[in-house]
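Colleague: Could you walk me through one part of this model in detail? I would like a close look at the ligand site, please.

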Amino acid sequence: MKPRATKQEIQHVIERIEEFGYKVHSIEGEERVVIGVVGVGDVTACLESVEAMPQVEKAVRISAPYKFVSREFRPGKTQVVVDGVEIGGDEFVVMAGPCSVENEKQILHAAEEVARAGARLLRGGAFKPRTSPYDFQGLEEEGLKLLARAREATGLGIVTEVMSDRDVDLIAEYADLLQVGARNMQNFALLKTLGRCGKPVLLKRGLSSTIKELLMSAEYVVAHGNPNVILCERGIRTFETATRNTCDLAGVAALAELTHLPLIVDPSHATGKRSLVPAVSRAAVAIGADGLLVEAHPCPEKAVSDGAQSLDLRQFATMMRELQPWITLWKQMRVTETAAAV
Ligand code: PEP
Ligand code: MN
């Protein structure tokens, strides 16, 4: 719709689309409303009819199989606000904390130090997807309570993983951003439930998933009612064994062309080695990602999960300091991009 379209004009367009038998899904931006036409079959007649209506700016056919998350649907970038922190806007947002919540002292210490170093959100798993059933599975609700305490103490919003659609309500009570882990990227029951949960979602790329499959999974969440989705590149499985996974940074650049959703990089799971985390983080800034998800632990040697890839808190602070000049360049790049998009 044109920026000055009235509610009534928008309603008329919606009614016309529904007369053709399609479903309607609108997104209200700051400047304009975009009305999505959803359904099967040839949409040509509907588009032609709608395009002739007052205050309709353009009717565009979207060719990608993912619709709501595509750049065709929304040419500008989407900002997802998590507990007052905007991701996808003009701030490079770092989320950090341990792989797993282990005990009160550990999570509080980690939260205080990552906040001091400039992290804007606290990560920590309470429900852990472990390859072996004999490994630590997470503190579950007790872990969520400890995260809530860390939130109270530091003011940091919480990012934590949800593994099953049965746990969504419980985790949404505590978390500000619900993480879907790589192993669950195609858990469609979970994605549908998250579509209805009302809290933002962090969707990690599956271990062996293509960019298109990642976007289709994001489409599930958005199509079921939740437009607040952030995508995360966390490395994919290849023949290479020198790193835990292969960080597909070119894929991040490709995603930026295909989708308006915010994109972050997890350099910890992408490499599996703490020594590689700062370099991959810099590269993520340079490629124009919107933020990072980093594992940082008070004592990585003693971590119950992912110690080898976790920075200690001092290393995290050093990395944050060393990222600053790159983030300054990132901000200049962001201003130029935003100006070009307008
Ligand atoms: C995690 O963030 O701790 C995690 C399990 O990540 P992934 O799902 O990317 O392996
Ligand atoms: Mn981990």
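Modeller: Happy to; here is the surroundings of the ligand, followed by a short stop at one loop residue. Please keep in mind that this is a predicted model, and that the values below are computed from it.

Let's start with the site as a whole. Ligand 1 occupies the second largest pocket. Around ligand 1 there are 13 residues, and those that come nearest are Arg-123, Gln-179, Ala-182, Lys-204 and Arg-234. Sorted by class, this shell consists of seven charged, three polar and three nonpolar residues.

Now for the polar contacts. Ala-182 takes part through its backbone, with an N or O atom there 2.7 Å from an oxygen atom of ligand 1. Lys-204 uses its side chain instead: an N or O atom in it is 2.8 Å from an oxygen atom of the ligand. For Lys-128, again through a side-chain N or O atom, the distance to an oxygen atom of ligand 1 is 3.0 Å. As for cover, ligand 1 on its own has 300 Å² of accessible area, and the protein covers 97% of it.

Finally, the loop residue I promised. Ser-275 belongs to the loop that links α9 (267–271) and α10 (277–286). Its relative accessibility is 59%, and because exposed means over 50%, Ser-275 counts as exposed. If you follow the chain from Ser-275 to Gly-291, the two are 16 residues apart, and their C-alpha atoms are separated by 19 Å.

How values were computed: Residues are numbered from 1 along each chain as its sequence is written. Chains are lettered from A and ligands numbered from 1 in the order in which they are written. This is a predicted model: local features need pLDDT of at least 70, side-chain atom pairs count only at pLDDT 80 or more; totals for chains, interfaces and linings use all residues. Side-chain values use heavy atoms; hydrogens and water are left out. A residue is near a molecule or strand if one of its heavy atoms lies within 4 Å of it. A polar contact is a pair of N or O atoms within 3.5 Å; within protein, one must be able to donate a hydrogen and the other to accept it, and residues adjacent in sequence count only if both atoms are side-chain atoms. Accessible areas come from the Shrake-Rupley method with a 1.4 Å probe; for residues, only the protein chains shown count as cover. On a 1 Å grid over the protein atoms alone, a cavity is a set of points where a 1.4 Å probe fits but cannot get out, and a pocket is an open set with protein on both sides within 12 Å along at least five of seven lines; lining residues have an atom within 4 Å of a point. A molecule sits in a cavity or pocket if more than half of its atoms lie within 2 Å of its grid points. Ala, Val, Leu, Ile, Met, Phe, Trp, Tyr, Cys and Pro count as nonpolar, Asp, Glu, Lys and Arg as charged, and the others, Gly among them, as polar. Helices (H or I, at least four residues) and strands (E, at least two) are DSSP runs, numbered from the N terminus. Buried means under 20% relative accessible area, exposed over 50%, partly exposed in between (1.4 Å probe, protein chains only).
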